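Trainee: Please show me the structure first. Then I will ask about its charged residues.

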Amino acid sequence: MNFDVVIPLKTSLLSIAITRTIPSIISNISYDKIYILTKKSNFKELESTFKGKITCLDEDEICKHLTLDNIKEYFKNRNENPERAGWYFQQFLKLSVSKLHFISNLYLVWDADAVALNPINFFTKNNKIYFEKNKEFHEPYFEIIEKILDLKKQVNFSFIAEHLVFNKKLVITILNKISKKETWWLDILDNITSENLSKSGFSEYELYGNYVSKFHKNEIEFRHLNKTRKGIKYLGEKPSIRGLKLFSSAFDYMSFERWHKEYKPLPLRYMIVFFVILFGWVKKYVKLIISSFYSKI
């Protein structure tokens with residue numbers, strides 16, 4: 001199956017994206033093109049590093065009127081703290097690229113701080129799309145989905161992950177159901193309560209995952225990849241190639257989320273890393289054995 005990769009990239013993640021994330025995608029994922037959604041000021045460094053292997057798109061020109069400054073202004077007009085404006089902005093960007101004619105019909109959104117450690121396939125043998133299963137649950141996400149789509153939670157797990165394959169046609173259908181306006185994203189924000197707006201009031205992954213589970217369930221299959229979100233705890237903000245190689249024996253990918261505090265280089269840290277990798281390795285190969293057993297039945 002052909003698909004493009006789309007990476008929303010804020011400037012604070014530019015370093016890890018250039019040194020680790022994008023190279024890991026080039027090495028481990030079979031894609032058509034990579035599109036980076038970022039500030040224009042980041043283009044030069046990205047383009048000079050990857051020399052034709054990526055295409056940079058100005059994040060303020062993806063969707064008419066959809067800019068970080070406009071979302072911040074919206075927050076101020078509602079007397080809310082605009083600190084979370086960027087968090088909503090990147091979600092709306094992921095949905096907005098569905099309306100760009102040059103993006104492939106299927107596109108993989110990948111987090112800028114997530115590093116692929118091994119080859120990852122996103123489709124089953126009969127071309128169903130894999131959706132990642134997770135344990136997260138946040139009630140406001142489902143409150144807003146019910147408001148804007150009249151759709152209830154469809155599964156007993158979460159679709160929030162570090163990546164998701166979107167179908168352009170389905171995303172456009174969803175956006176048209178939400179609003180006929182060019183500024184559809186305002187309709188989403190308008191439906192988020194003041195209590196939730198300055199926190200976490202919306203999830204694009206929960207929106208899309210639950211919609212597809214309701215109306216296109218035969219086109220997807222659920223799975224759970226081995227991963228860790230605590231990359232900074234184990235390898236710091238600038239992970240070495242050697243460290244990533246070590247974790248690749250147990251995990252498919254790992255993300256480096258800055259809200260995790262880095263451990264100091266004490267013996268306890270290395271003990272924790274050892275047991276994390278051991279647990280991940282056992283989990284990974286138990287799944288392989290079970291999968292192999294059922295494939296022979």
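The questions below turn to salt bridges and burial.

Mentor: This is a predicted model, where local features need pLDDT of at least 70, side-chain atom pairs count only at pLDDT 80 or more, and totals for chains, interfaces and linings use all residues. Residues are numbered from 1 along each chain as its sequence is written, and side-chain values use heavy atoms, with hydrogens and water left out.

Trainee: How many salt bridges does a search of the whole structure find?

Mentor: Side chains of opposite charge can pair when their charged atoms come close. A salt bridge here is a side-chain nitrogen of Lys or Arg within 4 Å of a carboxyl oxygen of Asp or Glu. By that rule, the whole structure has 9.

Trainee: E204 and K94 meet in a salt bridge; how many residues apart in sequence are the parts it ties together?

Mentor: The E204 and K94 side chains meet at 2.8 Å, N to O. Both are buried, meaning under 20% relative accessible area (exposed is over 50%, partly exposed in between; 1.4 Å probe, protein chains only). E204 lies in helix α9 and K94 in helix α4, so the tied parts are 110 residues apart.

Trainee: Which other residue forms a salt bridge with K94, at 3.9 Å?

Mentor: K94 has 4% relative accessibility, so it counts as buried. Its partner at 3.9 Å lies in the loop between β4 (106–110) and β5 (114–116). Helices (H or I, at least four residues) and strands (E, at least two) are DSSP runs, numbered from the N terminus. The partner is D111.

Trainee: How many of the 12 residues of α9 are buried?

Mentor: Helix α9 covers residues 204–215. Its buried residues include E204, Y205 and L207. The helix is largely enclosed by the rest of the structure, because the buried count is 10.

Conventions. The expected span of a helix is 1.5 Å times one less than its number of residues.
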